[in-house]
Amino acid sequence: MTTLIDTLNRPDARPRHPEKAHRPDRTIARKPDWIRVKAPGSPVYRETMEIVREHGLVTVCEEAGCPNIGECWSKKHATFMIMGDTCTRACAFCNVRTGLPGPLDAAEPDKVADATAKLGLEHVVITSVDRDDLEDGGADHFARTITAIRRDCPDTTIEILTPDFLRKPGAIATVVAARPDVFNHNLETVPSKYLTVRPGARYFASLRLLQEVKERDPQMFTKSGIMVGLGEERNEVLQLMDDLRAADVDFLTIGQYLQPTRKHHAVERFVTPDEFKAYETIAYAKGFLMVSSSPLTRSSHHAGDDFARLRQARAERLGH
């Protein structure tokens with residue numbers, strides 16, 4: 001059984017999904033045997049949690065109810081979520097709190113850098129909520145966080161998972177100029193599902209973001225991910241792969257969508273491990289340097305190991 005972390009009962013609790021409160025309940029489908037994770041609780045898991053709490057940081061591991069939190073935190077791997085715990089979007093799949101966010105914490109970049117050092121991270125993943133309320137969508141805050149980590153942890157490689165910076169001119173350039181090692185932005189689903197799954201976003205705007213990153217820095221690794229089981233058709237997934245390759249994206253992740261609560265989008269189907277393997281084979285044939293495709297694949301799962309493999313794959317392709 002998958003363990004989801006319940007963050008609804010915190011002392012500062014307020015309605016987590018006010019825009020979803022009046023939606024009809026959707027049945028949560030029973031998970032198949034191939035979706036199993038261990039409940040968290042190891043000593044290293046608790047140590048990681050203490051470091052996160054000590055620095056007053058937010059992690060997407062907790063906020064999104066990631067099923068891999070027990071494994072990752074037991075290895076001192078955590079994905080930091082900057083710019084608060086409240087998102088200005090209301091995607092139907094996401095368990096992150098929605099509403100009007102508070103002001104940015106100017107000290108947060110230094111806190112993230114210090115936590116990265118204390119955890120001894122060789123590879124760190126930084127993501128964020130959507131901040132449509134900010135003029136630059138939070139691009140400068142991303143850049144300052146990258147700079148702080150470079151200063152305190154010069155040997156740590158940095159992967160960022162950004163929002164789409166929709167209608168935020170100059171935002172992509174600001175983040176690329178800070179030179180993260182991997183620039184990740186998830187398409188999340190196929191175009192036909194955007195209206196119901198990701199209504200605040202635009203499929204081709206997200207594609208264009210990934211393309212612009214490559215245009216500004218052809219050596220920067222780019223990455224994107226999708227969930228399956230939302231009602232998409234197989235041919236739509238294959239077309240999405242072609243769209244990402246046209247934007248020269250290096251790394252594709254494909255994972256099973258898991259419904260956080262009865263108010264979220266229902267799981268239409270549990271995709272089998274064999275189907276995930278088939279997607280992986282096809283994606284490699286289409287030219288991706290790296291593909292991670294499995295029921296429990298998430299954008300930042302095994303990110304450090306995957307980054308090492310990504311660099312090796314590029315070196316082999318270039319004949320080095």
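This is a chat between a trainee and a mentor about the predicted model shown above.

Trainee: Quick start: how many helices and strands are in the protein?
Mentor: The protein has eleven helices and nine strands. Keep in mind that the model is predicted.

Trainee: And what share of the residues is buried?
Mentor: Of the 320 residues, 55% are buried. As for surface, the protein exposes about 14,300 Å², and 52% of that comes from carbon and sulfur atoms.

Trainee: What about contacts between residues far apart in sequence? What part do they play in the count?
Mentor: Take the contacts with a separation of 6 or more: 77% of them are between residues 24 or more positions apart.

Trainee: OK, on to the sheet. What's the strand order?
Mentor: It's an open sheet of seven strands, running E1-E4-E5-E6-E7-E8-E9, and the pairing is parallel.

Trainee: Which strands sit at the edges?
Mentor: Strand E1 (79–82) and strand E9 (290–293), each of which pairs on one side only. From one strand to the next, the twist averages 20 degrees.

Trainee: Can you give me one pair in detail? How many bridges join E4 and E5?
Mentor: Five bridges, in the parallel sense, between strand E4 (residues 123–128) and strand E5 (residues 157–161). If you want a spot to click on, Val124 has Ile158 in E5 as its bridge partner.

Trainee: Now helices. Which strands does H9 touch?
Mentor: Helix H9 (residues 234–246) packs on the sheet and touches strand E7 (221–228) and strand E8 (251–256). The direction of H9 makes about 170 degrees with that of E7.

Trainee: And at what angle do H8 and H9 pack?
Mentor: Helix H8 (residues 203–216) packs with H9 at about 35 degrees, and their axes are 9 Å apart.

Trainee: Which residues meet there?
Mentor: From H8 you have Tyr203, Leu207, Leu210 and Gln211, and they meet Leu240, Asp243, Leu244 and Ala246 in H9. By type, the residues of that contact are six nonpolar, one polar and one charged.

Trainee: I was also looking at Asp248. Where is it?
Mentor: Asp248 is in the loop between H9 and E8.

Trainee: Why does Asp248 count as partly exposed?
Mentor: Because its relative accessibility is 38%, and partly exposed covers the range between under 20% for buried and over 50% for exposed.

Trainee: What does Asp248 contact, leaving aside its neighbours within four places in sequence?
Mentor: Lys214 and Thr222. Pro218 is 30 residues from Asp248 along the chain, and their C-alpha atoms are separated by 9.1 Å.

Trainee: Switching to aromatics: how many pairs are there?
Mentor: The count comes to four aromatic pairs. One of them is Phe142 with Phe165, with ring centres 6.4 Å apart and planes at 80 degrees, so that pair is edge-to-face.

Trainee: Where do those two sit in the chain?
Mentor: In distant parts, 23 residues apart: Phe142 is in helix H5 (residues 139–152), while Phe165 is in the loop between E5 and helix H6 (171–177).

Trainee: Phe142 first: buried or exposed?
Mentor: Buried, with a relative accessible area of 0%. Phe165 counts as buried too, at 7% relative accessibility.

Trainee: You mentioned Tyr203 earlier. Why is its pair with Tyr194 called edge-to-face?
Mentor: Because the planes of the Tyr194 and Tyr203 rings are at 90 degrees, with the centres 5.7 Å apart. Both tyrosines, Tyr194 and Tyr203, are buried.

Trainee: And which residues form the aromatic cluster there?
Mentor: Tyr194, Tyr203 and Phe204 form one cluster.

Notes
Residues numbered from 1 in each chain as written. Predicted model: local features only at pLDDT ≥ 70, side-chain atom pairs only at ≥ 80, totals over all residues. Heavy atoms only, no water. Helix = DSSP H or I, 4+ residues; strand = E, 2+ residues; numbered from the N terminus. Buried < 20%, exposed > 50% of the residue type's maximum accessible area, 1.4 Å probe, protein only. Contact = heavy atoms within 4.5 Å. Areas by Shrake-Rupley, 256 points an atom, 1.4 Å probe, with all protein chains shown as cover. Pairing = 2+ DSSP bridges. Axes fitted to C-alpha atoms, helices over the stretch in contact; angles between N-to-C directions. Nonpolar A, V, L, I, M, F, W, Y, C, P; charged D, E, K, R; others polar. Phe/Tyr/Trp six-rings, centres within 6.5 Å; stacked < 30°, edge-to-face > 60°.
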